[in-house]
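Notebook open, structure loaded. I want to look at the ligand site before anything else, then wander outwards.

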Amino acid sequence: MTEPTLYDKSVAGRTAVDLPALDVPPASLPDDMLRHDNGLPELSQVDVVRHYLRLSQRNFGVETGFYPLGSCTMKYNPKTSEAIARLDGFAHTHPFQDPETVQANLAVMYRLQEWLREIGGFDSVSLQPAAGAHGELTGLLMIRAYHLDRGDGQRRKILIPDSAHGTNPASTSMAGFSVLQIPSDDRGNIDLQAVGAACDESVAGIMLTYPNTLGLLEEQIEEVTQLVHRCGGLVYGDGANMNALAGVIRPAELGVDVMHFNLHKTFSTPHGGGGPGSGPVAASATLADYLPGPVVGVDSTSDAGPPDHYRLVNPPSSIGRVCTFHGNFAMLVRAYAYIRMHGADGLRQNALHAVLNANYLRVKLRSTYPVPFDRINMHEFVCQGRIEGSNVRALDISKRLIDYGFHPPTNYFPLTVSEALMIEPTETESRETLDAFVDALLRIAAEAVENPVLLESAPHKAPIGRLDEVRAARRLVLHQRPATEPAIELE
Ligand SMILES: Cc1ncc(COP(=O)(O)O)c(C=O)c1O
């Protein structure tokens with residue numbers, strides 16, 4: 001059943017609260033200062049409570065069901081991390097406080113910097129960027145500052161594989177570089193020969209996602225980073241997929257100069273809903289001086305002396321501040337708690353388990369859903385929403401999955417695979433859940449042949465059925481009122 005909006009339910013004169021009786025003489029305001037119709041809906045308290053509660057019960061999240069959204073990584077957020085982030089000492093401090101009064105908070109940030117540095121094999125870390133894409137922009141600005149300092153202003157090109165996440169070329173353009181797209185080879189790797197051919201003194205660097213967006217390890221990553229270094233370029237590592245590597249592979253050792261972490265993907269901080277994110281950036285010695293500041297430094301003392309003293313410092317050639325205050329502190333606390341809870345061995349186990357779960361699904365599904373690069377994958381894999389004997393599309397399969405109680409995987413990404421379905425189960429899912437997901441996909445494949453309309457008109461069990469996505473994009477309705485205003489038409 002469709003839930004009407006609060007405006008639809010509004011009844012003139014109805015209110016949600018009774019104001020207490022006046023204890024001062026009433027005074028009337030001039031009529032031209034009164035707002036007679038503020039355009040807000042008029043409702044009772046119970047109307048509002050029921051409306052929002054009903055809507056909340058229609059939400060689908062990782063706490064209601066399996067959410068295998070490849071590349072976006074919908075990890076379960078442990079309740080312990082949530083409870084820790086809400087402790088008064090973390091939640092009730094203010095970024096304007098004198099650092100001397102928040103030494104413990106700075107200690108959390110310092111240790112997180114150190115752990116991220118260690119996990120990636122880097123020299124230094126800044127916790128400032130507010131998301132993965134923001135980390136990309138930050139790293140690229142550092143690369144630009146490095147080349148400019150060396151009088152190498154002609155280095156304006158960034159090489160990016162055709163399978164890359166859309167934020168990579170977007171961040172590149174924002175940082176003032178141009179993008180040179182490099183094709184993938186027939187095993188899903190970046191094409192080594194094409195990289196070699198592109199390397200010259202106009203190249204500022206390369207952006208590599210590792211494992212790449214097909215969920216595959218680049219088989220010649222060291223050759224690629226060497227080619228780029230040899231021509232004077234630097235290597236940006238898109239570390240969004242570190243959840244497959246933490247405790248197993250350290251990207252800096254493969255030649256990566258600067259990399260962001262997505263805390264939500266690797267360290268289970270909350271994702272989505274437009275809330276604050278965090279994309280710390282780690283740099284090798286070559287770029288460490290350019291990191292955004294302030295970062296947290298420490299004056300260590302001996303065991304017998306006073307406690308360590310933490311302070312905010314700016315790296316010597318810092319590109320400056322990229323975020324207000326110290327980054328999104330509550331996310332940093334959650335990541336700190338997550339790393340602390342798991343320890344080095346636990347992080348490694350999580351990565352291995354995520355990889356195992358994703359390979360289990362690939363092998364179970366590959367005879368029904370073609371896997372274009374059918375080799376051992378990491379934490380996610382890409383298959384195709386094509387069923388032999390049917391014309392249904394990836395979108396139809398995804399919509400039908402909703403009827404089976406599963407969130408669809410990522411659709412139509414990466415762009416190098418037609419009808420792509422990108423599946424990432426994460427490490428928290430049990431074998432029973434994975435088997436139930438496989439069963440649903442196999443039943444949907446049978447339906448695709450026997451009764452394709454069932455898929456093409458899905459979902460049937462969701463509160464809202466199939467949307468006309470083209471119309472929704474072209475005829476934007478951005479607000480509820482006033483009804484007389486025309487919708488915006490995009491042609
Ligand atoms: C490979 C890759 N790079 C970059 C990003 C951008 O990260 P964010 O969404 O935190 O900006 C993502 C998003 O999850 C991603 O999957």
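Ligand shell. I counted 13 residues around the ligand, with S71, G132, A133, D238 and K265 as the closest. Worth remembering while reading the distances: this is a predicted model.

Polar contacts. I went through the short N/O distances next. The side chain of S71 puts an N or O atom 2.6 Å from a ligand oxygen. D238 also uses its side chain, with an N or O atom 2.6 Å from a nitrogen atom of the ligand. For A133 the partner is in the backbone: an N or O atom there lies 2.8 Å from an oxygen atom of the ligand. I then checked how covered the ligand is: on its own it has 390 Å² of accessible area, and the protein covers 88% of that.

Where the shell comes from. Two elements give two or more residues each, namely α6 (132–149) and α10 (263–266). The largest share is from α6, with three residues. By type, I get three nonpolar, seven polar and three charged residues in the shell.

Strand β8. Is this strand enclosed or open to the outside? I looked at residues 295–299 and found four of the five buried, so β8 is largely enclosed by the rest of the structure. Its pairing with β9 (residues 309–313) is antiparallel and runs over five bridges. Within that pair, I noted V298 standing opposite Y310 of β9.

S81. I picked this serine in helix α3 (residues 79–85) for a closer look. Its relative accessibility is 1%, and the cut-off for buried is under 20%, so S81 counts as buried. What does S81 touch, leaving out residues up to four places away in sequence? I found R334, A337, Y338 and M341.

Whole protein. Zooming out, I logged 15 helices and 14 strands. Along the principal axes, the C-alpha atoms fill a box of roughly 75 × 70 × 50 Å. Of the 491 residues, 46% are buried. I also pulled the contacts with a separation of 6 or more: 70% of them join residues 24 or more positions apart. Last entry on surface: the accessible area comes to about 24,200 Å², and carbon and sulfur atoms hold 54% of it.

Definitions and conventions
Residues are numbered from 1 along each chain as its sequence is written. This is a predicted model: local features need pLDDT of at least 70, side-chain atom pairs count only at pLDDT 80 or more; totals for chains, interfaces and linings use all residues. Side-chain values use heavy atoms; hydrogens and water are left out. A residue is near a molecule or strand if one of its heavy atoms lies within 4 Å of it. A polar contact is a pair of N or O atoms within 3.5 Å; within protein, one must be able to donate a hydrogen and the other to accept it, and residues adjacent in sequence count only if both atoms are side-chain atoms. Accessible areas come from the Shrake-Rupley method with a 1.4 Å probe; for residues, only the protein chains shown count as cover. Ala, Val, Leu, Ile, Met, Phe, Trp, Tyr, Cys and Pro count as nonpolar, Asp, Glu, Lys and Arg as charged, and the others, Gly among them, as polar. Buried means under 20% relative accessible area, exposed over 50%, partly exposed in between (1.4 Å probe, protein chains only). Two strands pair if DSSP finds at least two bridges between them. Contact means heavy atoms within 4.5 Å.
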